[in-house]
Amino acid sequence: MLTEERHINGDAREVISRSGDIPVYTADREMLTSLTGYELTRGVLCAFRRPLPKTPEDVTVNASRVAVLEDIADSTNIGAIFRSAAALGIDAVLITPSCCDPLCRRAIRVSMGTVFQVPWAQIGEDYADWHQNGAKLLRALGFKSAAMALSDDSISVDNPVLKSEPRLALVLGTEGDGLAKHTIATCDYTVKIPMQNGVDSLNVASAAALAFWETKLK
């Protein structure tokens, strides 16, 4: 840990007390700013090993609501989705192989650290595996799948049938193009958020937050 000296008995005290025999270094704010490139350190920096990857089975074993992120490339959207997932009762997040890494710097920052709180794992061995077998993989985990898409045969996100599902996976697509056609066709439900005033869609992070809230179990 690297921190301003004043934080050792202040903001960093609880973390230090829970971290065992770790080295703690001190520096002034100017030094911390020069290391990060901008003054957003909050005065405490930590370095730690990346955890070993978990499997979809690991993170969904007791889950009733999961988010599945298909090819979402923007780290800001990844971070915002994780923050909404933590706040709105999503038990786990599954990311496809082409998604942005949730542990990249900007995703962590935008998520307000919830990428360390919400269990997550990669689903699909590679791009082709997910796009050919995604819905099958979710069914094997015990979930009904709901593709978020503005298709003609979509049901509304507030349809009671979605809340009645004991285990539901909400599948959200990449920026711009949305979900792949095969993904939509093979999911159990196609779900839309009704639009007004000529707006064709919402940002994926905004859509995720609304879908998480509307499909929560009672």
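**Exercise 1.** Which residues of strand β5 (residues 92–95) point one way, which point the other way, and are they buried or exposed?

*Solution.* The model under study is predicted. Start from the general pattern: along a regular strand, side chains alternate between the two faces of the sheet. In β5, A92 and L94 point one way, while V93 and I95 point the other way. All of these residues are buried.

**Exercise 2.** Identify the strands that pair with β5 and describe how the chain reaches them.

*Solution.* Step one concerns strand β4 (residues 65–69), which pairs with β5 in the parallel sense over 4 bridges. Within this pairing, L94 of β5 is the bridge partner of V68. Between the two strands the chain passes through helix α4 (residues 75–87), and this β-α-β crossover is right-handed.

Step two concerns strand β6 (residues 120–122), which runs parallel to β5 and is joined to it by 3 bridges. Here the bridge partner of L94 is A121 of β6. A right-handed β-α-β unit is formed by β5, helix α5 (residues 105–110) and β6.

**Exercise 3.** How many aromatic pairs does the structure hold? Classify the geometry and locate the rings.

*Solution.* The structure holds 1 aromatic pair. The ring centres of F48 and F116 are 5.6 Å apart and the planes stand at 70°, so the pair is edge-to-face; the cut-off for this class is over 60 degrees. F48 belongs to the loop between β3 (44–45) and α3 (56–60), and F116 to the loop between α5 and β6, so the pair ties together parts that are 68 residues apart in sequence. With a relative accessible area of 56%, F48 is exposed, whereas F116, at 48%, is partly exposed.

**Exercise 4.** How many salt bridges does a search of the whole structure find? Examine examples within one helix and between distant parts of the chain.

*Solution.* The search finds 5 salt bridges. One of them joins E14 and R18, with the closest N and O atoms 3.7 Å apart. Both residues lie in helix α1 (residues 13–18), 4 residues apart, about one turn of the helix. E14 is exposed at 53% relative accessibility, and R18 is exposed at 61%.

Next, R50 and D101 meet in a salt bridge of 2.9 Å, N to O. R50 is in the loop between β3 and α3 and D101 in the loop between β5 and α5, so the pair ties together parts 51 residues apart in sequence.

Finally, D188 and R139 form a salt bridge at 3.3 Å, N to O. D188 lies in the loop between α8 (181–186) and β10 (189–192), and R139 in helix α6 (residues 127–140), 49 residues apart.

Notes. Residues are numbered from 1 along each chain as its sequence is written. This is a predicted model: local features need pLDDT of at least 70, side-chain atom pairs count only at pLDDT 80 or more; totals for chains, interfaces and linings use all residues. Side-chain values use heavy atoms; hydrogens and water are left out. Buried means under 20% relative accessible area, exposed over 50%, partly exposed in between (1.4 Å probe, protein chains only). Two strands pair if DSSP finds at least two bridges between them. A crossover is right-handed if, with the strands pointing away from the viewer, the path from the first strand over the helix to the second runs clockwise. Rings of Phe, Tyr and Trp (its six-membered ring) pair if their centres lie within 6.5 Å; planes under 30 degrees apart count as stacked, over 60 as edge-to-face and the rest as tilted. A salt bridge is a side-chain nitrogen of Lys or Arg within 4 Å of a carboxyl oxygen of Asp or Glu.
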